[in-house]
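Dear colleague,

I am passing a structure on to you, and since you have not worked with it before, I have written down below what was found in it. Please open it alongside this message and follow the residues as they come up.

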Amino acid sequence: MEAGSLLRFAAASGRFTPGEAKLAASQASFLCHSYSHRYTWLPFFQICSKKRAFPRPIGNRSFCTDSTGDFFSTSKRRSRGPVMAAKKVAEGGKKEEGKYKHTVDLPKTTFGLRANAVVREPELQKLWEENQVLKRVSERNTGDRFTLHDGPPYANGDLHMGHALNKILKDIINRYKLLQNHKVSYVPGWDCHGLPIEQKVLKLMDEEARKELTPLKLRKKAAKFARDTVKNQMNSFKRFGIWADWDNPYLTLSPEYEAAQVEVLGQMAVKGYIYRGLKPVHWSPSSVTALAEAELEYNENHVSKSIYAIFKVTALPPASTPLLEEFLPDIYLAIWTTTPWTMPANAAVAVNPRLTYAVAELLPNSDGTAEVPVDGKKGKIGNVLKSEEKKLYLIVASELVPKLESKWGMKISVRRTLSGSALEHCRYIHPINGIECPVVLGGDYINTESGTGLVHTAPGHGQDDYVTGMKYGLKWISPVDDEGRFTHEAGQFQGLNVLQDGNSAVVSYLDAQLSLLLEEPYKHKYPYDWRTDKPTIFRATEQWFASVDGFRDAALEAIKQVKWVPSKAVNRILSMASGRSDWCISRQRPWGVPIPVFYHVESKEPLITQETIDHIKNIFADKGSDAWWYMSTEELLPEKYRDMASQYRKGTDTMDVWFDSGSSWAAVLSKREGLGFPANLYLEGSDQHRGWFQSSLLTSVATTGKAPYQGVITHGFVLDEKGLKMSKSRGNVVDPNTIINGGKNAKEEPGYGADVMRLWVSSVDYTGDVLIGPHILRQMSDMYRKLRGTMRFLLSNLHDWKTENAVHYDDLPVIDKYALYQLESIINSVKDSYESYEFYKIFQVIQRFAIVDLSNFYFDVAKDRLYVGGSTSFTRQSCQTVLVEHLISLVSVIAPILPHLAEDVWQNLPFQHVMEDGSVAKFVFELKWPRLNGRWLNMSADDVDFLGTILQLRSEVNKVLENARAGKLIGSSLDAKVFLYATNSSTLAKLEKMCMASNDADALHRIFITSQVVIINSPTHEEAAYSGSYSDPSSGEIWIGVARADGLKCERCWNFSTQVGSFVEHPTLCARCYSVIDVQQPLPAAAGVN
């Protein structure tokens, strides 16, 4: 078609704007220079039109694409002049020469780049609260109910980073489930009973006040302290941005909760799982109460006073008489213990029947020294080894003879060996009380890893000892009181502290009786009271126990039905549940839920029946558990037993706090409307495998036969940046409230806001221990700022968006379709990570896509058509169509992690977003998760692969451009013309096709942000002053050359074009800018971004 025909077609066509038609009528065509020195005639409307009208005539095989380019980039090589100049004028700056500044479509938004989170976040939280957004969204959702049951934190102090990690993880999950159309009701809870609170109360009282303190007065003070702490912690959690039913939390001190807990205890008792027994338990002298395993912490650096002692054998059974009789009366049993204070309670010596034992003669020490080196430390030998006259034959494990010879510094001669079973029923004299005691057979706890192979057995002070004692019917004592002091049963040691002077006194006595071989310090792992951080002891007392053996198999099977995250966690809890002993559930402290048991005054027999439990449960539901202290026994007994009230007394034990929290499934999940049993999810720290996870499991399986949770997530501990445990003494404590609001020194401790802390939570692999500190927080703040910048770019370039301007997917440029393909892929990837609770992967995706990929590519190349392409141009509206999809999708994707940022974006939305049901989403969480758009993902694999190649090629082109800029050939990239040659014919054809793109957005020079791109027939060009190359297996090698662009510089867009100077009315404009100016009548200078 000749030029005249094209002109007439353009003028008459309704497919073009008036400006485009006028341009076609005034200018037939413009030249695209071919480097075979021929010219290609290209009608301008082929660039402007939404659909390509005609194929482009070409000459030879040399293709080029002209440019107008980008000018608003942070890259040094990008041309920024026109936009920056227009912005300066708009902000009241000095007007510079040039009349096109006001025609630039500057970005505009009220959304600030600075978050001002310390102020803005509370405003957004107030907005949510006033509009009851959580309730509003959850009630409107039509999906299944989702219940994440809150493990109650302890109400005894300020929150720390562990609390922040835990609650934010839960909140991320809940908010995601809301977007997934689930009904979410999250009830926060607090553990309010127990010794830590009791101790806090006592510390606040003087000595005189403590003397007048009754259990009931203490309980009232403890309850007030707990409620005050709950209020403070609740305010902090709210500031973290946690959504919950804050008006209706569950507290373990509330009457309805205590009643439900008593009901659980009663059900277990009726089934025979609760019993009272005299057996050794972990006892804390510092807390004056029994402890469960979950209340212990093991100190790896504890040093005990260990001793090797000897007990004189006095009688032999028939089986061993022939073997040992000749050594009487000088034969002894040699034992080793790290708890010398338990010697007064010795009832037997245990041996392993499967070990071989030796009669070892101690030969005199030639140098007569009193002290010998022991494993690099000083150990003190006993007086018995200093005696040259005393002959000693010691029974020890034969395997340990060499080690003992070195340890004691003595020569040892083995006189005989015999099996452990042959030693059973030998008798020896107790070294302290003189009573004759037996040798018994123990189990595998007797080994040759340490000691002598013989174990001093005190059934009142050890679990293995207790089991062995029960087997042999041993008479035993536990001569230690509640405060860890010897009782009268310990004779001369009465009143001494067993962990201090009592221990030393026993060692000295043994030495005086010539029963001590060696005393030495021994470093090992030892159980400490987790509350007081002081050593515990094993002590036999009458306690209430839950018989785990009664339902252990059911518990193990229930564990296997649960989904554990991380998956290896199942092995840990299986190991703990399969090996745990009976659960000691009684405590000897007043601040707790009383065990509702009555004891017969004379027989001491306990009274606990279904009737007594039901009666107490109803009283507690009405009056609270304080009633146990102020009501009489007669009032507390049901009608059936009331006439026998004088024969009974109330018990004083309270329940283990793990029984308190372990009953929450019954008190909350089974009682509250909108929740469900079992819960969909429990989420707590990894230490709860032996704590709340296990106590909840045991109470639930014992009473309902199933686990209280369908899934369990565990997280690690929060350490400082060096991987050290936080402590005040180290000065490395990171306070969550300081992160949010800032510290005293604003420079060193700036207030980052809650979202930066939440971003940190999403960035870590919480399944292990995680690190935090100033450097990490600065990194998170920087990423947050960049992400905020991304959202600001989207908002500011949609300031004039109208839904009716949306371009149909089929009409979009390929580059826009590719952007939607990437977006949909990202959304699917993020959804998978949310579903698998791998939030750190979401963090990585957001960092890579929303901050790096979008900004470095799509936003970079989009700025040209957004700013200078013309307000109503097809390419600008197609770009805005894509930006809208990115904005709505990204704000949904980040909302669970960064709810304040997401809501801030939404409240600054420059248009109304209408939902599928026709309603307007006023708050970001009224959105649903982006629907799967399969069409976006159906982009052909060839197009996806080739555009990926183009992105890689673009990076290499940028490198050559940077070299040209450094060599002063060009200033910005718009000063350049790029030459491309591909060795692969298919790649060459695809590059040529992009030069013939039917729309300006897909043109190579737009993607490279240069003024021209030329496809040539050989890997060199005489004009190319700088060159480089790119290659990959699928595309082959592509040669890159760079020269100065042809033509003159457009005053408005700063692109170089051979058409500048062709338009009489606007001689300094390129063809595209001339078209835009003709349509876009002169306006006042546009306002810049606020």
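**The nonpolar cores**

Leaving aside its neighbours within four places in sequence, Trp760 is in contact with Met161, Leu165, Val718, Val770, Leu771, Ile772, Ile776 and Met780. Please keep in mind, here and throughout, that this is a predicted model. Trp760 is also one of the two residues, the other being Leu980, that have the most contacts inside the largest nonpolar core, a set of 248 residues. The element that gives the most to this core is helix α28, which spans residues 839-867 and supplies 16 residues. Separate from it there is a second core, made up of 76 residues, among them Trp336, Leu400, Val401 and Val480. As background, nonpolar side chains in soluble globular proteins tend to be buried together.

**Two helix pairs**

Trp760 falls within helix α25, whose residues are 754-763, and this helix packs against helix α30 (residues 899-907) at an angle of about 125°, with the two axes 8 Å apart. Because the angle is of that size, α25 counts as oblique to α30. On the α25 side the contact is made by Ala754, Asp755 and Arg758, and on the α30 side by Pro899, His900 and Leu901; sorted by class, these are 3 nonpolar, 1 polar and 2 charged residues.

The other pair consists of helix α16 (residues 552-560) and helix α17 (residues 569-579), which pack at an angle of about 175° with their axes 10 Å apart, and α16 is therefore roughly antiparallel to α17. Helix α16 contributes Arg552, Leu556, Ile559 and Lys560 to the contact, while α17 contributes Val570, Ile573, Leu574, Ala577, Ser578 and Gly579. In this contact, 6 residues are nonpolar, 2 are polar and 2 are charged.

**Sheets and strands**

One open sheet has 4 strands in the order β5-β31-β32-β24, and the pairing in it is parallel. Its edges are taken by β5 (148-149) and β24 (563-565), each of which has a single partner strand, so one side of each is left without a neighbour in the sheet. Strand β5 is joined to β31 (residues 681-685) by 2 bridges, and within this pairing His149 has Tyr682 of β31 as its bridge partner.

The loop between β31 and α23 (692-704) is where you will find Asp687. With a relative accessibility of 28%, Asp687 counts as partly exposed, and its C-alpha atom is separated by 9.0 Å from that of Phe717, which is 30 residues apart from it along the chain.

Another open sheet has 3 strands, in the order β28-β27-β29, and its pairing is antiparallel. Here β28 (606-607) and β29 (648-650) are the edge strands, each pairing on one side only. Strand β27 (residues 598-600) is paired with β29 over 3 bridges, and His600 stands opposite Tyr648 of β29.

Finally, strand β35 (residues 976-982) pairs with β36 in the parallel sense over 4 bridges, with Val1014 of β36 as the bridge partner of Phe979. Is β36 (residues 1012-1015) covered on one side or on both faces? Both faces are covered, since Gln1012 and Val1014 on one side and Val1013 and Ile1015 on the other are all buried.

With best wishes

Terms used. Residues are numbered from 1 along each chain as its sequence is written. This is a predicted model: local features need pLDDT of at least 70, side-chain atom pairs count only at pLDDT 80 or more; totals for chains, interfaces and linings use all residues. Side-chain values use heavy atoms; hydrogens and water are left out. Axes are lines fitted to C-alpha atoms, for helices over the stretch in contact, and angles run from 0 to 180 degrees between N-to-C directions. Angles under 35 degrees count as roughly parallel, over 145 as roughly antiparallel, 65 to 115 as roughly perpendicular and the rest as oblique. Contact means heavy atoms within 4.5 Å. Ala, Val, Leu, Ile, Met, Phe, Trp, Tyr, Cys and Pro count as nonpolar, Asp, Glu, Lys and Arg as charged, and the others, Gly among them, as polar. A nonpolar core is a set of buried Ala, Val, Leu, Ile, Met, Phe, Trp, Tyr and Cys residues joined through side-chain atoms within 4.5 Å. Buried means under 20% relative accessible area, exposed over 50%, partly exposed in between (1.4 Å probe, protein chains only). Two strands pair if DSSP finds at least two bridges between them.
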